[in-house]
Amino acid sequence: MPTVRIGLTGGIGSGKSTVAATWVALGGTLVDTDAIAHALTGPGGAAMPALRHAFGDHIEQAPEAGLDRVRMRAIVFAEPDARRRLEALLHPMIGAEAQRQAAAASGAVVFDVPLLAETRHWRQRCDRIAVVDCSEATQVQRVMARSGWPEQQVRQVIAQQAPRGLRRSIADAVIHNDGLSLDEVREQATALWRRWLAVRS
Ligand code: ADP
């Protein structure tokens, strides 16, 4: 049984992975919901039969090839209801697998959830929620540098994610990652970790 469950979220390029890595180095068990989503929709993934049933066999390039993300994105873009149907299928499966992984942990658990603010239920699953926040200009600059994406692609992803205000409104603590060095972000993450774990022990 975990001692404390921490939900961690932030927009793309906010520094969420940097905070997650800091907390893992301090002994946290990471439950990575992006990795879970990839496993569920990869070749032979447990979500694929339901997705094929909902959207058709053509969402895979070949049988058992796993979700063709480009095709799925096009479907979601073209059909207003498709994203909701996709999420209604995937989110409960991601949640169940995340809970299964967390139950096996003995110390503090960190749920890394990019869409925490957009997804119901996470509030109840976590004792604390941390949000990593920065300006959109900083997000764009970081993701262009990290991933080599064109600016427009970064802005498209940002536009699909929850607005900063919504994300901050669900936070028990916000790490403001603008104008900080990487070491300073890690220091802030460490301080928050110590505070939250001390409170619980
Ligand atoms: P996310 O997981 O939120 O997308 P990352 O933690 O991967 O964000 O950070 C995005 C990129 O920006 C990474 O290359 C990371 O090293 C860098 N980065 C994050 N915070 C800072 C900072 N305060 N100073 C310099 N680089 C940073």
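This section describes the ligand site of a predicted model and the pocket that holds the ligand.

The shell around the ligand comprises 15 residues, of which Gly-13, Ser-17, Thr-18, Arg-146 and Asn-177 come nearest. Sorted by class, this shell contains eight polar residues, four nonpolar residues and three charged residues. Three helices each supply at least two residues of the shell, namely H1 (16-25), H7 (136-147) and H10 (182-200). Among the contributors to the shell, H1 gives the most, with three residues.

Several contacts between the protein and oxygen atoms of the ligand can be described individually. A polar side-chain atom of Ser-17 is placed 2.4 Å from an oxygen atom of the ligand. For Gly-13, the contact is made through the backbone: a polar backbone atom of this residue lies 2.8 Å from a ligand oxygen atom. Gly-15 likewise contributes a backbone N or O atom, which is found 3.0 Å from an oxygen atom of the ligand. Taken alone, the ligand exposes 560 Å², and 77% of that area is buried by the protein.

On the scale of the protein, the ligand is located in the largest pocket. This pocket holds about 1800 Å³ of space. Its lining is formed by 50 residues, and those closest to the centre of the pocket are Asp-34, Pro-114, Leu-115, Val-157 and Gln-161. The elements that give two or more residues to this lining are H1, H2 (33-41), H4 (69-78), H5 (82-103), H6 (122-125), H7, H8 (151-160) and H10, each of them a helix. H5 provides the largest share of the lining, with seven residues. By class, the lining is made up of 19 nonpolar, 19 polar and 12 charged residues.

The ligand shell and the pocket lining can also be considered together. Helices H1, H7 and H10, each of which supplies at least two residues of the shell, are also listed among the elements that give two or more residues to the lining of the largest pocket. The leading contributor to the shell is H1, whereas the largest share of the pocket lining comes from H5.

Terms used. Residues numbered from 1 in each chain as written. Predicted model: local features only at pLDDT ≥ 70, side-chain atom pairs only at ≥ 80, totals over all residues. Heavy atoms only, no water. Near = heavy atom within 4 Å. Polar contact = N/O pair within 3.5 Å; in protein donor to acceptor, adjacent residues only side chain to side chain. Areas by Shrake-Rupley, 256 points an atom, 1.4 Å probe, with all protein chains shown as cover. 1 Å grid on protein atoms, 1.4 Å probe; cavity = no way out; pocket = protein on both sides within 12 Å on 5 of 7 lines; lining within 4 Å. Sits in = over half its atoms within 2 Å of the grid points. Helix = DSSP H or I, 4+ residues; strand = E, 2+ residues; numbered from the N terminus. Nonpolar A, V, L, I, M, F, W, Y, C, P; charged D, E, K, R; others polar. Points joined across faces, edges and corners; volume = space filled by probe spheres on them.
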